Amino acid sequence: MLCYQCEQTAKGTGCTAFGVCGKDPDTAALQDLLVHAAKGIAMYAHRARPLGAADRAVDVFVVEALFTTVTNVNFDPKRLQGLLQRAAEVRDAAKKLYEDACRKAGQTPERLSAPADWVPAATLDDLIRQGEQVGIEQRITALGPDVTGLQEMLAYGLKGTAAYADHALILGVEDPEVFAFFHEALDSLTNPAPKVDGLLAMNLKCGEVNLKVMGLLDAANTGSYGHPVPTKVRITPVKGKAILVSGHDLKDLELLLRQTEGKGINIYTHGEMLPAHGYPALKKFKHLVGNYGGAWQDQRSEFDDFPGAVLMTTNCIQKPKESYKARIFTSGLVAWPGVTHIADGDFTPVIEAALAAGGFKADEPEKSILTGFGHNAVLSHAGTVVEAVKTGKIKHFFLIGGCDGAKPGRDYYTKFAEAVPDNCVILTLACGKYRFNKLDFGEVAGLPRLMDCGQCNDAYTAIQVAGALAKAFNCGVNDLPLSLILSWYEQKAVCILLSLLYLGIRNIRLGPSLPAFLTPELAKVLVEKFNIMPLTTVEKDLAACLGGNG
Ligand code: FSO
Ligand code: SF4
């Protein structure tokens, strides 16, 4: 296997024997084959659409297939085998769609070859062998590391965008143009002689489309649950039976809240589910009592200690310990072999496991943190913020956000947040915030110095806020007293980075390490075009930011 799609990839170059995330070589091959199959489907769907032919089932499957292969989502070869069988059926449907549309238009259909003509092997072992033939290694040999790296950056950007598109469509918000782009971009990845310029342009287009998708998801979340409002969230347990909900899927949380109402079970959020507490239609549930634990990489000890059931609605799942394997559940696209999967929104098994577990025996002394600083909430203070900047009360803004992870260097973000001067505001989002969100940052100009904008997709909020500030100060976003200190881990961070690059945002500090798929040549291009900077030391980087360099 060779997988280098996430930040924790082995030796900073690629997982070859076994994934650091827990992905075994067989699962890696099946995921590669699923992406290959999605490209084949897209070849037909991309050609059918201009002829007026589209099929929502095809569109949605491509989104789900991509999201399935994001880091820490699906580790289950059996589930992947099922998805591959379905992929072949969907591909046949897309082929028919295209050929029928051609006939109708009086055109001769193109005869498409690999990956459009993929025939799924009959057994799991043979599917794995097929997957081994379509991995990154073969392309690095054929096309070289730069072109392959750019192709993979696009593929990872698409995977991240697919995750957000999936959340939005679950809440009933979708856009045919977005589906069309997935097909166009995947089709472009089948080009036997790709060019660097074309790939760079397609990567930026992915950033553009992801921005649109984050907007759709924002509309879906706020349309379903209202605009987040600043909300105090309890971080200490209360007595009673308990369910811990992790991941990003607000719909699953809503369903679970409804199904547990009046059952004497308290619901806690974990990791990226924390911002759910800010949404009016979710916070109204009295038994949504608090947030438990930290970011995803702490789950093995935290789930072990949690005296109730656990539900993983999206990534990031890690190999469950035997101690809690019987009381952890997956939903949506998440899968781990041997872990019960809730496919139909009926969370009865989760509720039963919570009732059977001990629950918290007593209330712990109350402690809380704040969340809910979506764009509406932050921009409702726009006048105060602009005034405070003009009078010098607020000197600088820092967006310290992105994913968390297990690598040692990630304490940089804690130290950076701690070192930010008192007259500066810190905006944060995604699971990286657990590095510092329990520290007391106090206030500046009557506003909290630390504002939690939400999940990783709420990078949309940060972009809205930056745009509004730039307008108020009549300057470009790059001219604002704003620094971006970003941490990345998986492919959602890749699509957000592409969106920021599409917007022309420069001087991003990216860590804890640069992606392995960015060869030195590609990294040079990004530095020249966008002045992306690796992290150095907190002292040097902070001084540079405050001195006007990013
Ligand atoms: Fe984190 Fe995992 Fe939200 Fe990611 S929980 S790492 S970028 O899935 O999606 O920030
Ligand atoms: Fe390695 Fe990350 Fe790929 Fe897992 S997802 S196999 S940790 S590069």
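I count a molecule as sitting in a cavity or pocket if more than half of its atoms lie within 2 Å of the grid points of that space. With that in hand I looked up ligand 2 in this predicted model, and I found that ligand 2 sits in the second largest cavity.

**Entry: ligand 2**
I listed the surroundings of ligand 2 next, and of the 13 residues around the ligand the ones that come nearest are Cys3, Cys6, Cys15, Cys21 and Thr71. When I sorted the shell of ligand 2 by residue class, I obtained 7 nonpolar, 5 polar and 1 charged. Cysteine belongs to the nonpolar class in this scheme, so I read the four cysteines named among the nearest residues as part of the nonpolar count.

**Entry: ligand 1**
Which cavity holds ligand 1? I find ligand 1 in the largest cavity. The residues around ligand 1 include His248, Trp296, Ala430 and Tyr489, and the cysteines Cys316, Cys403, Cys431 and Cys456 are also listed there. By class, I noted 7 nonpolar, 2 polar and 3 charged residues in the shell of ligand 1. I also checked which domains contribute to this shell, and at least three residues come from each of domain 2 (232-356) and domain 3 (373-546).

I then went through the polar side chains that approach oxygen atoms of ligand 1. For Glu490 I noted a polar side-chain atom 2.5 Å from a ligand oxygen, for Lys492 the corresponding distance is 3.0 Å, and for Glu272 an N or O atom of the side chain is 3.1 Å from an oxygen of ligand 1. The cut-off for a polar contact is 3.5 Å between N or O atoms, and therefore I accept the pairs at 2.5 Å, 3.0 Å and 3.1 Å as polar contacts by distance.

**Entry: backbone**
Asn315, which is among the residues around ligand 1, is joined to Cys316 by a cis peptide bond with omega of about 20°. Cys316 lies in the loop between strand 5 (309-312) and strand 6 (328-331). I noted another cis peptide bond from Gly511 to Pro512, with omega near 5°, and I placed Pro512 in the loop between strand 15 (509-511) and helix 18 (520-530). Ala445 is a residue other than glycine with a positive phi, near 50°, and I located Ala445 in the loop between strand 11 (443-444) and strand 12 (447-448).

**Entry: salt bridges**
How many salt bridges does the count give? I arrive at 26 salt bridges. One pair I looked up is Arg139 with Glu152, whose closest N and O atoms are 2.7 Å apart. This pair links distant parts of the chain, with Arg139 in helix 5 (residues 136-143) and Glu152 in helix 6 (residues 145-170), 13 residues apart.

Terms used: Residues numbered from 1 in each chain as written. Chains lettered and ligands numbered in written order. Predicted model: local features only at pLDDT ≥ 70, side-chain atom pairs only at ≥ 80, totals over all residues. Heavy atoms only, no water. Near = heavy atom within 4 Å. Polar contact = N/O pair within 3.5 Å; in protein donor to acceptor, adjacent residues only side chain to side chain. 1 Å grid on protein atoms, 1.4 Å probe; cavity = no way out; pocket = protein on both sides within 12 Å on 5 of 7 lines; lining within 4 Å. Domains from an automatic or database assignment. Salt bridge = Lys/Arg side-chain N within 4 Å of Asp/Glu carboxyl O. Helix = DSSP H or I, 4+ residues; strand = E, 2+ residues; numbered from the N terminus.
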